[in-house]
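Subject: Structure for your review

Dear colleague,

I am handing over the structure we spoke about, with the sequence beside it. Please keep it open while you read, as my notes follow below.

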Amino acid sequence: MGRCNLFPLSYISIKIDIGNINWCSYVLDCLVRTKNSYIPYSDNNYFVGPSAFLVLFYADNIHSEALTVTRKRPTICYWSSEKIRYRETFEQIEGKFGLGELNEEFVNEQDEGDTDLEDSDSDKDEDHSVEAYESKISKMLNSFERMKEKLNSKLNDAITKFPEKESFRISKEKMTNITVEEKTESTTLFNFQVMKLELKESI
């Protein structure tokens with residue numbers, strides 16, 4: 001278990017406002033400098049750079065089957081030590097540590113809130129055109145997908161922390177069944193549309 005190196009703080013004057021320091025630039029500079037001096041696979045050379053940053057960077061950018069965690073910023077608020085340890089153990093057992101695929105590029109979208117799934121009276125008054133319906137439906141679908149992702153992440157987290165709690169597993173199964181039903185309905189609708197098209201062509 002490592003520990004936080006507080007030595008750099010001794011260089012900071014008491015008159016300096018820590019909140020105004022560019023910590024992102026500092027961490028990046030440390031990463032580049034320590035990487036250049038690091039010799040991999042050496043018995044007497046250790047990486048002394050920002051390990052916590054690299055762990056979080058890996059966890060956020062490499063896809064894992066172990067658990068789903070909401071991708072938001074700052075990353076450290078969504079990856080706990082327990083989640084990191086669980087993922088590390090899972091990937092080591094499965095032989096997949098460091099071998100996952102890259103996640104899609106992170107886009108910091110502003111949460112539109114759960115209210116996007118509901119039609120307010122003002123929205124109903126504005127829905128007079130095809131474009132208005134398309135825009136509203138698109139926003140509602142995006143909100144719905146985000147809610148499903150958050151729910152899935154929360155359920156996985158709960159099951160990881162409290163594996164003996166049966167209600168969490170039941171909720172997980174319900175969500176899985178809903179997802180399967182959605183896919184089935186989508187496939188059925190698509191096949192129906194194809195059949196109608198083929199019927200028209202044959203007439």
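**Helix 2 against helix 3**

Val55, Tyr58 and Ala59, which belong to helix 2, are in contact with Ile84, Arg87 and Glu91 of helix 3. Please bear in mind throughout that this is a predicted model. Helix 2 covers residues 51-61 and helix 3 covers residues 81-94, and their axes come within 12 Å of each other while crossing at roughly 70°. Because angles of 65 to 115 degrees count as roughly perpendicular, helix 2 is roughly perpendicular to helix 3. The handedness of this crossing is left-handed.

Which residues of helix 2 are buried? They are Leu56, Ala59, Asp60 and Asn61, and the buried residues of this helix pack against helix 3. Ala59 therefore appears twice in this account, since it is listed among the buried residues of helix 2 and also among the residues of helix 2 that meet helix 3. As a general point, an α-helix has 3.6 residues a turn, so residues three or four places apart point the same way.

**The fold as a whole**

Taken as a whole, the protein has six helices and zero strands, and the order along the sequence is accordingly α-α-α-α-α-α. Of the 203 residues in the protein, 19% are buried. The exposed surface comes to about 16500 Å², and carbon and sulfur atoms supply 58% of that area. If one takes the contacts between residues at least 6 apart in sequence, 48% of them join residues at least 24 apart.

**Two loops to look at**

The loop between helix 1 (23-37) and helix 2 contains Tyr41, which has a positive phi of about 60° although it is not a glycine. Most residues other than glycine have a negative phi, and most peptide bonds are trans. Is Tyr41 buried or exposed? With a relative accessible area of 85%, Tyr41 is exposed, because the term applies to values over 50%.

In the loop between helix 2 and helix 3 you will find Pro74, and the peptide bond that leads from Arg73 to Pro74 is cis, with omega near 0°.

On the other side of the Tyr41 loop, Val32 lies in helix 1 and counts as partly exposed, at 45% relative accessibility. The C-alpha atoms of Val32 and Pro50 are separated by 9.9 Å, the two residues being 18 apart along the chain.

**Helices 5 and 6**

UniProt, in an unreviewed entry, lists residues 130-161 as a "coiled-coil region". In the model, this span is 100% helix and 0% strand, and the C-alpha atoms at its two ends lie 47 Å apart. Helix 5 is made up of residues 130-161, and Lys150 is one of its residues. Lys150 is partly exposed, with a relative accessible area of 34%, and its C-alpha atom is separated by 8.8 Å from that of Thr68, although the two residues are 82 apart along the chain.

Helix 6 covers residues 166-202 and includes Phe168. What does Phe168 touch, if residues up to four places away in sequence are not counted? Its contacts are Leu155, Ala158, Ile159 and Phe162. Phe168 is nevertheless partly exposed rather than buried, because its relative accessible area is 24% and buried means under 20%. The C-alpha atom of Phe168 is also separated by 9.7 Å from that of Lys154, which is 14 residues away along the chain.

With best wishes

Terms used. Residues numbered from 1 in each chain as written. Predicted model: local features only at pLDDT ≥ 70, side-chain atom pairs only at ≥ 80, totals over all residues. Heavy atoms only, no water. UniProt positions renumbered as here; feature names shortened; annotations may be inferred. Helix = DSSP H or I, 4+ residues; strand = E, 2+ residues; numbered from the N terminus. Buried < 20%, exposed > 50% of the residue type's maximum accessible area, 1.4 Å probe, protein only. Contact = heavy atoms within 4.5 Å. Areas by Shrake-Rupley, 256 points an atom, 1.4 Å probe, with all protein chains shown as cover. Axes fitted to C-alpha atoms, helices over the stretch in contact; angles between N-to-C directions. Parallel < 35°, antiparallel > 145°, perpendicular 65-115°, else oblique. Left-handed = near helix turned anticlockwise from the far one by under 90°.
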